[in-house]
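Subject: The structure we talked about

Hi,

Here is the structure I promised to hand over. Please open it alongside this email, and then read on for what turned up in it.

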Amino acid sequence: MMAMNRHTGKRIDNDSHLRQSIADILTTPVGTRVMRRAYGSLLPELIDQPLNDATVLRIYAATVFALMQWEPRIQIQTVRVSTSKPGSLSLYLHGIRADTGGTITIDAISLRGAV
């Protein structure tokens, strides 16, 4: 299946489409999509929370829960949080593609603001 890049309108391959879909799910706040209020994740609600062990655990849970609910093409194996720059947070994901059986790594899904 060929898909479309949401920024350029050009065709993208399956892995790129999956990465685009995951980023969209994780950065969309629950309740903001008309006619699909449950779509998205709780990650945007965690912005401005103190970055302690409890918040990191909530980040992991929000990530995995949202992807289990909205992206059936991937089974998440690993979620890693990086705070390489002050005021920013990035997620690194590794999983198994349910549609092909291969693995996929998604580097640096950036969340605006610090979590």
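Below I go through the overall build, the sheet and its helices, the charged pairs, and two residues worth a look.

**The chain as a whole**

One thing to keep in mind from the start: this is a predicted model. The protein chain has two helices and five strands. Read from the N terminus, the order of the elements is β-β-α-α-β-β-β. The radius of gyration is 14 Å, close to the 13 Å that the globule rule gives for 115 residues, so the chain is as compact as a globular protein of that length. Along the principal axes, the C-alpha atoms fill a box of roughly 40 × 30 × 25 Å.

How much of the chain is buried? Of the 115 residues, 37% are buried. The chain exposes about 7000 Å², and carbon and sulfur atoms supply 53% of that area. If you take the contacts between residues at least 6 apart in sequence, 40% of them join residues at least 24 apart.

**The sheet and the helices across it**

A good place to start looking is the open sheet of three strands, which has the order E3-E4-E5 and antiparallel pairing. Its edge strands are E3, residues 74–82, and E5, residues 103–111, and each of these pairs on one side only. On average, neighbouring strands of this sheet are turned by 20 degrees against each other, direction ignored.

Strand E4 covers residues 89–97, and eight bridges join E3 to E4 in an antiparallel run. If you want one pair to find by eye, try Ser82, whose bridge partner in E4 is Ser90.

Which strands does each helix lie across? Helix H1, residues 14–27, lies across E3, E4 and E5, and runs at about 40 degrees to E5. Helix H2, residues 53–70, lies across E3 and E4, and its angle to E3 is about 155 degrees.

**The charged pairs**

In general, side chains of opposite charge can pair when their charged atoms come close. The count here comes to five salt bridges, and I will take you through some of them.

Let's begin with Arg73 and Glu71, whose side chains meet in a salt bridge with an N to O distance of 2.7 Å. Are these two partners buried or exposed? Arg73 counts as buried because its relative accessibility of 16% is under the 20% cut-off. Glu71 also counts as buried, at 4% relative accessibility.

Another salt bridge links Asp99 with Arg97, and here the closest N and O atoms are 2.5 Å apart. Asp99 is partly exposed, with a relative accessible area of 44%, whereas Arg97 counts as buried at 4% relative accessibility. Elsewhere, salt bridges that share partners join Arg6, Asp24 and Arg33 into one network.

Within that network, the side chains of Asp24 and Arg33 meet at 2.9 Å, N to O. Asp24 counts as buried, with 14% relative accessibility. Arg33 is partly exposed, and its relative accessible area is 31%.

**Two residues to look at**

Arg33 also leads to Thr28, which lies in the loop between H1 and H2. Thr28 counts as buried, at 9% relative accessibility. What does Thr28 touch, not counting residues up to four places away in sequence? Its contacts are Arg33, Tyr39, Gly40, Ser41 and Pro44.

The other residue is Ile12, in strand E2, which spans residues 11–12. Ile12 counts as buried, with 12% relative accessibility. Ile12 and Met2 are 10 residues apart in sequence, and their C-alpha atoms are 6.2 Å apart in space. Leaving aside neighbours within four places in sequence, Ile12 is in contact with Met2, Ala3, Met4 and Asn5, as well as with His17 and Gln20.

If you would like a route through the model, you could begin at the Ser82 and Ser90 bridge pair, go on to helix H1 across E3, E4 and E5, and finish at the network of Arg6, Asp24 and Arg33.

Happy exploring, and best wishes

Conventions:
Residues numbered from 1 in each chain as written. Predicted model: local features only at pLDDT ≥ 70, side-chain atom pairs only at ≥ 80, totals over all residues. Heavy atoms only, no water. Pairing = 2+ DSSP bridges. Helix = DSSP H or I, 4+ residues; strand = E, 2+ residues; numbered from the N terminus. Axes fitted to C-alpha atoms, helices over the stretch in contact; angles between N-to-C directions. Contact = heavy atoms within 4.5 Å. Rg over C-alpha atoms; globule rule 2.2 N^0.38 Å. Buried < 20%, exposed > 50% of the residue type's maximum accessible area, 1.4 Å probe, protein only. Areas by Shrake-Rupley, 256 points an atom, 1.4 Å probe, with all protein chains shown as cover. Salt bridge = Lys/Arg side-chain N within 4 Å of Asp/Glu carboxyl O.
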